[in-house]
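I set out to look up aromatic pairs, salt bridges and one tryptophan in this structure. My entries follow in the order of the search.

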Amino acid sequence: HSRHRRMTFCAWLRQFTKKLLVNLKGKQFVANVIVNRRDRIRSQPDICSVVYAEGQFTYNKGETIELKNALDVRSFNATLRISYLAVQGWLPDASNGADHYFNPKTIKRKKPWMVAGIDIGRVGNHHFRRLIDDNGNWMN
C-alpha cells in the first residue's frame, strides 16, 4: 500500500504543479504519458523514476500549492483522482499512446525529438508525441 501511495503522489505532483493543466483532458494526457513511459522505458520502471528522471519533466521547484479557492481544491482533487487511477492501471489512455510532450512557447530551440515519431495532438499549448514503440525502441 505505501508503494502505491508513493507512486500516486509522484504522478499527482507532476500533474498538479503544471499550472496549465486546469482541464481534465490535460491532466489525463500527462498521467497517460507518465504511465506510457513507465511501460516502455526500461530505465524508468516505476512512476517516480519517470517523474524525477533528469531532464524529462520540468516543474517549478519550491512551488507551493494554494488551496484558498474552490477552483484550486477541485483541481487538486481531480488530479489526485486521475493519478490514483493511473497508478492502479485503471485510467484509459486518452492520449493514444503519447509518451512525450512539450510546450513550444516555452522552448528556445526545437529539439529533434519534437518532430520525430507520431504527432498525437495538442492539449492547450502542449504538443503530444509518441516516440517509443511497445518494445522500448525509439521511433524515427
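The entries below begin with the basis of the model and then take each topic in turn.

**Basis.** I worked from a predicted model, in which local features need pLDDT of at least 70, side-chain atom pairs count only at pLDDT 80 or more, and totals for chains, interfaces and linings use all residues. Residues are numbered from 1 along each chain as its sequence is written, and side-chain values use heavy atoms, with hydrogens and water left out.

**Aromatic pairs.** I recalled that a pair of aromatic rings is described by the distance of the centres and the angle of the planes. Rings of Phe, Tyr and Trp (its six-membered ring) pair if their centres lie within 6.5 Å; planes under 30 degrees apart count as stacked, over 60 as edge-to-face and the rest as tilted. I found four aromatic pairs in the structure. In one of them, Y84 and W90, the ring centres are 5.9 Å apart and the planes stand at 75 degrees, so I entered the pair as edge-to-face.

I then looked up accessibility, where buried means under 20% relative accessible area, exposed over 50%, and partly exposed in between (1.4 Å probe, protein chains only). Y84 has a relative accessible area of 39% and is therefore partly exposed. W90, at 53%, is exposed.

Next I took Y101 and F128, whose ring centres are 5.2 Å apart with planes at 25 degrees, so this pair is stacked. The pair links distant parts of the chain, as Y101 is in strand β1 (residues 100-102) and F128 in strand β3 (residues 126-130), 27 residues apart. Helices (H or I, at least four residues) and strands (E, at least two) are DSSP runs, numbered from the N terminus. Both Y101 and F128 are buried. I also noted that F29 joins Y101 and F128 in one aromatic cluster.

**Salt bridges.** I counted a salt bridge where a side-chain nitrogen of Lys or Arg lies within 4 Å of a carboxyl oxygen of Asp or Glu. By this rule there are six salt bridges. One of them joins the side chains of R38 and D39, at 2.8 Å from N to O. R38 is partly exposed, with a relative accessible area of 24%, and D39 is partly exposed at 48%.

Which residue forms a salt bridge with R40 at 2.7 Å? I found D99, with the closest N and O atoms at that distance. This pair links distant parts of the chain: R40 is in helix α2 (residues 24-40) and D99 in the loop between α4 (70-88) and β1, 59 residues apart. R40 counts as buried at 9% relative accessibility, and D99 is buried at 0%.

R40 also forms a salt bridge with D134, the closest N and O atoms being 3.8 Å apart. D134 lies in the segment after β3 and R40 in helix α2, so the pair ties together parts that are 94 residues apart in sequence. D134 counts as exposed, at 62% relative accessibility. I closed this entry with the network of salt bridges that links R40, D99, R130 and D134.

**W138.** I placed W138 in the segment after β3. Is W138 buried or exposed? At 55% relative accessibility, W138 counts as exposed. Leaving aside residues up to four places away in sequence, W138 touches H100, L131 and I132, where contact means heavy atoms within 4.5 Å. The C-alpha atoms of W138 and G117 are separated by 8.0 Å, the two residues being 21 apart along the chain.
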